[in-house]
Amino acid sequence: MVQLQLDPFLNELTSMFERSTEKGSVWVTLKRSSLKSKVQRNKLANAGEAIEYRCLIRATDGKKTISTSVGPKDHQRFQASYALILKAHMTALKKRERKEKKKSAEINKREVTSKITKKKS
Amino acid sequence: MVYITEWDKFAERSIELFRADPESTRYVMKYRHCDGKLVLKVTDNRECLKYKTDQAQEARKMEKLNNLFFTLMARGPDVDLSEVTGKDQMEAQPTKKGRGRKQ
């Protein structure tokens with residue numbers, strides 16, 4: 001599988017989210033990997049060289065798969081952009097009802113606080 | 001497949017699973033917009049931990065777990081996470097009240 005650079009990957013991930021709003025899902029997988037075959041790894045290990053690991057990121061919508069990888073130097077920048085994309089597209093998740101039902105706001109509040117205390121305990 | 005229902009348990013056990021076998025543990029997020037569902041899975045092909053939610057608030061917790069996994073996977077399982085988690089705690093406190101106003 002061809003690996004993309006970070007920005008093209010993020011762009012493609014964005015369009016995957018946009019394409020799957022009506023039906024379908026998006027999967028994103030994180031895995032620690034050396035990005036090398038077993039043979040290559042064995043060679044390095046035999047030569048006593050250290051194997052460099054990176055975080056491999058794969059995304060698919062069931063039709064197309066894209067991937068990229070981040071190392072110790074660039075993962076922070078990537079994870080920030082990734083978090084922004086998720087936040088922008090995971091809009092179908094339920095928010096706590098508050099603004100829409102002002103009349104029942106008090107009841108909701110009670111429910112919410114009881115939920116919080118339950119979770120804490 | 002049994003889902004873990006408590007977030008803290010899920011997060012804790014996922015990190016443990018990764019630390020036990022960093023090379024074969026993967027972390028998968030599945031988001032289904034039409035059903036408004038989010039499923040997280042961590043597996044090393046022997047054990048499988050799953051968590052399911054439809055709450056936007058949980059997505060914020062996931063973001064923190066994402067950051068933990070990015071750090072662990074990019075820097076290695078022995079990395080000191082106190083830097084990441086310490087920051088999270090500081091971020092988590094002011095957001096405890098007044099949620100939803102951010103949007």
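**Group meeting: two chains, one sheet**

Okay, let's start with chain B: of its 103 residues, 30% count as buried. Before I go on, keep in mind that this is a predicted model. Chain B has 3 helices and 3 strands, and if you walk along from the N terminus, the elements go α-β-β-β-α-α. As for contacts within chain B, if you take the ones between residues at least 6 apart in sequence, 44% of them join residues at least 24 apart.

Now the sheet. How are the strands ordered? We've got 6 strands in an open sheet, and the order reads 3(A)-2(A)-1(A)-1(B)-2(B)-3(B), with antiparallel pairing. At the edges you find strand 3 of chain A and strand 3 of chain B, residues 48-53, each of which pairs on one side only. Going from one strand to the next, the twist averages 15°.

Let's zoom in on where the chains join up. Strand 1 of chain A and strand 1 of chain B, residues 26-32 in the latter, run antiparallel and are joined by 6 bridges. If you want a pair to click on, take A:Thr29, whose bridge partner in strand 1 of chain B is B:Val28.

Then there are helices sitting on that sheet. Helix 1 of chain B, residues 7-20, packs on it and touches strand 1, strand 2 (37-43) and strand 3 of chain B. The direction of helix 1 of chain B makes about 150° with that of strand 3 of chain B. Helix 2 of chain B, residues 56-75, packs on the sheet too, and it touches strands from both chains: strand 1, strand 2 and strand 3 of chain A, together with strand 1, strand 2 and strand 3 of chain B. Its direction makes about 30° with that of strand 1 of chain A.

So what does the chain contact add up to? It takes 29 residues from chain A and 30 residues from chain B. On the chain A side, strand 1, strand 2 and helix 3 each supply at least two residues, and strand 1 gives the most, with 7 residues.

Next up, helix 1 of chain A, residues 6-19. Its 14 residues reach 20 Å from first C-alpha to last, close to the 20 Å expected at 1.5 Å a residue. Which residues of this helix are buried? They're A:Phe9, A:Leu13, A:Met16 and A:Phe17. Look down the axis of helix 1 of chain A and these buried residues fall within an arc of 95°, so they line one face of the helix. Turned away from that buried side, there's a face carrying the exposed residues A:Asp7, A:Pro8, A:Ser15 and A:Glu18.

What do the buried ones of helix 1 pack against? In chain A, that's strand 1 (26-33), strand 2 (54-60), strand 3 (65-70) and helix 3 (75-89). Helix 1 and helix 3 of chain A pack at an angle of about 10°, with axes 10 Å apart, and are therefore roughly parallel to each other. From helix 1 of chain A, the residues meeting helix 3 are A:Leu6, A:Leu10, A:Leu13, A:Thr14 and A:Phe17. Across from them, helix 3 brings A:Phe78, A:Ser81, A:Tyr82, A:Ile85 and A:His89.

Last stop is helix 2 of chain A, residues 38-46. Buried or exposed? It's hardly covered: among its 9 residues, the count of buried ones is 0. After helix 2 of chain A comes A:Gly48, which has a positive phi, near 75°.

Definitions and conventions
Residues are numbered from 1 along each chain as its sequence is written. Chains are lettered from A and ligands numbered from 1 in the order in which they are written. This is a predicted model: local features need pLDDT of at least 70, side-chain atom pairs count only at pLDDT 80 or more; totals for chains, interfaces and linings use all residues. Helices (H or I, at least four residues) and strands (E, at least two) are DSSP runs, numbered from the N terminus. The expected span of a helix is 1.5 Å times one less than its number of residues. A residue is buried if 20 or more other C-beta atoms lie within 10 Å of its own, exposed if 12 or fewer, and partly exposed in between; C-beta atoms are placed from the backbone. The arc is that of the directions from the helix axis to the C-beta atoms. Two residues are in contact if their C-beta atoms, placed from the backbone, lie within 7 Å. Two strands pair if DSSP finds at least two bridges between them. Axes are lines fitted to C-alpha atoms, for helices over the stretch in contact, and angles run from 0 to 180 degrees between N-to-C directions. Angles under 35 degrees count as roughly parallel, over 145 as roughly antiparallel, 65 to 115 as roughly perpendicular and the rest as oblique.
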